[in-house]
Amino acid sequence: MSATRPAAVVVLAAGEGTRMKSATPKVLHEISGRSLVGHVVAASRELDPTHLVVVVGHAREQVTEHLAAIDADVRTAVQYEQNGTGHAVRMALEELGGPVAGTVVVVCGDTPLLTGKTLGALVATHEADGNAVTVLTAEVPDSTGYGRIVRDGATGAVTAIVEHKDATDAQRAIREINSGVFAFDGSLLSDALGKVRTDNSQGEEYLTDVLGILREAGHRVGAAVGADHRQILGINNRVQLAEARALLNARLLERAMLAGVTVVDPASTFVDVTVTFGQDALIHPGTQLLGNTHVAEGAEVGPNTRLKDTRVGPRARVDNTVADTAVIGESATVGPFAYLRPGTNLGPKAKAGTYVEMKNATIGEGTKVPHLSYVGDATIGDHTNIGAASVFVNYDGEHKHHTTIGSHCKTGSDNMFVAPITIGDGAYTAAGSVITKDVPPGALAVARGQQRNIEGWVARKRPGSAAATAAQSTADKDSGRP
């Protein structure tokens, strides 16, 4: 993206974000499968910087723990007091040991729509123009709340960035705004930060004041205008969070559709940034694809389906289903109204049908669990059929136990398989059985009491009831009585 790697990227993520009205730090709120700061870190990594430093402050332990989980190489600098963006960058440079030779990029931790491509263009412009500082700007429909870009009327050069609270009426009419993203000459940045004053409405060290300081010192100050102003949208409340989620989701779906995925209704389909697709995948309305989910070529998912960390094989069909950390094999079918819990592995052409729940279960090729069943802690072989209303009784109140059913088995409806048991290849079980012992291969297991009919019970125990009247009417007809 640029002639050289940036020496450092500094991510500003120390603020509390009180307008979020949340116990969760602002930068840890999530959209499309990543935290706000996680999106910024991912975009920054595309620059391949020598150092990546995140400035933390509010709830720093929580934010630092999150950063370590998503990127082990991120360094953190602590801003103990919220004294402004200039002060935050000074803390980052101190963490790096002082002035940094090379380009230093500064980004905000609450701009999840910012892309690595845009950052790369900023760095390329900065280096090509030989600027001391280059600011990423954007023309926005409503500039309220943003720092305004003030330019020289004759040359168009950037002369200052004026924060909204400090701007005059004329300056507030300017629609070109500061994105909060900068590329600095690192060798000049530290000295300029030391000259930043706090005589403003907030009594803070504004990073934007560095532009004026460098310009007065005779250095070149430039700007790179972003192609899409929506990329620099910052998140300050839940309304903006939802708006950013919608924009990012639309971007992700557009990318998928252009790559050969059919999304029937993008307005009701939601995907995370880590979701991947094969060509000719078909996504029906009301579908959520989360985490590391992959939908392979020709697979069909939805409607009304939520998959998390789930792999859907080629030409599989998943309908009205919830799945978490499951594997759905090639040409398998799931649903409608199925629930695949972690550890479910459905083999090729297998079926988990209507109102079926599975957990920690391996289902062989062509095996069918068609309806109204629970399969937990089990291994089932190939081409076996599990009868309706079957339950794998895996929990004794303290421990989970495993059930193994072989290949080419036929189990009856309303079976209870009380683990641990093994049912051999080719075995059958009778409907209504409670299976508590192993079944040899090829055997028929029957585990139910013999039926006994007690004649006249209704007439004796429920005299005068509708059932007794109906029974008597039938008896009269059978006997020929009028």
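**Close-up views of a predicted model**

**View 1. The enclosed space of the predicted model.** The structure holds one cavity of 30 Å³ or more. The volume of the largest cavity is about 30 Å³. Its lining is formed by L114, T118, L136, T137, A138, G226, D228, Q231 and I232. Strand β7 (residues 133-139) accounts for the largest share of this lining, with three residues. Sorted by class, the lining of the largest cavity comprises four nonpolar, four polar and one charged residues. Rolling a probe the size of a water molecule over the atoms shows where empty space is left.

**View 2. The largest pocket and the residues around its centre.** The largest pocket encloses about 1700 Å³ of space. It is lined by 46 residues, of which R19, K26, T85, D110 and N236 are the closest to its centre. Four elements, namely β1 (8-13), α3 (85-95), β10 (176-185) and α8 (238-258), each contribute at least two residues to the lining of the largest pocket. Strand β10 gives the most, with four residues. By class, the lining of the largest pocket divides into 14 nonpolar, 24 polar and eight charged residues.

**View 3. The loop residue K21 and its backbone angle.** K21 is located in the loop between β1 and β2 (30-31). Although K21 is not a glycine, its phi is positive, at about 55 degrees. Most residues other than glycine have a negative phi, and most peptide bonds are trans.

**View 4. The contact of helices α6 and α7.** The axes of helix α6 (residues 186-193) and helix α7 (residues 209-216) come within 10 Å and cross at roughly 105 degrees. Angles of 65 to 115 degrees count as roughly perpendicular, and α6 and α7 are therefore roughly perpendicular to each other. On the α6 side, L188, L189, A192 and L193 take part in the contact, and they meet V210, I213 and L214 in α7. By class, the contact of α6 with α7 has seven nonpolar residues, no polar residues and no charged residues.

**View 5. The aromatic pair F392 and F417.** A pair of aromatic rings is described by the distance of the centres and the angle of the planes. The count of aromatic pairs in the model comes to three. In the pair shown here, the ring centres of F392 and F417 lie 5.0 Å apart and the ring planes stand at 50 degrees, so the pair is tilted. This pair links distant parts of the chain: F392 belongs to strand β30 (residues 391-393) and F417 to strand β33 (residues 416-418), 25 residues apart.

**View 6. The cis peptide bond of G335 and P336.** G335 and P336 are joined by a cis peptide bond with an omega of about 5 degrees. P336 lies in the loop that runs between β24 (333-334) and β25 (338-340).

**View 7. The cis peptide bond of A419 and P420.** The bond joining A419 and P420 is a cis peptide bond, and its omega is about 5 degrees. P420 is placed in the loop between β33 and β34 (421-423). Strand β33 also holds F417 of the aromatic pair with F392.

Technical notes. Residues numbered from 1 in each chain as written. Predicted model: local features only at pLDDT ≥ 70, side-chain atom pairs only at ≥ 80, totals over all residues. Heavy atoms only, no water. Axes fitted to C-alpha atoms, helices over the stretch in contact; angles between N-to-C directions. Parallel < 35°, antiparallel > 145°, perpendicular 65-115°, else oblique. Contact = heavy atoms within 4.5 Å. Nonpolar A, V, L, I, M, F, W, Y, C, P; charged D, E, K, R; others polar. 1 Å grid on protein atoms, 1.4 Å probe; cavity = no way out; pocket = protein on both sides within 12 Å on 5 of 7 lines; lining within 4 Å. Points joined across faces, edges and corners; volume = space filled by probe spheres on them. Phe/Tyr/Trp six-rings, centres within 6.5 Å; stacked < 30°, edge-to-face > 60°.
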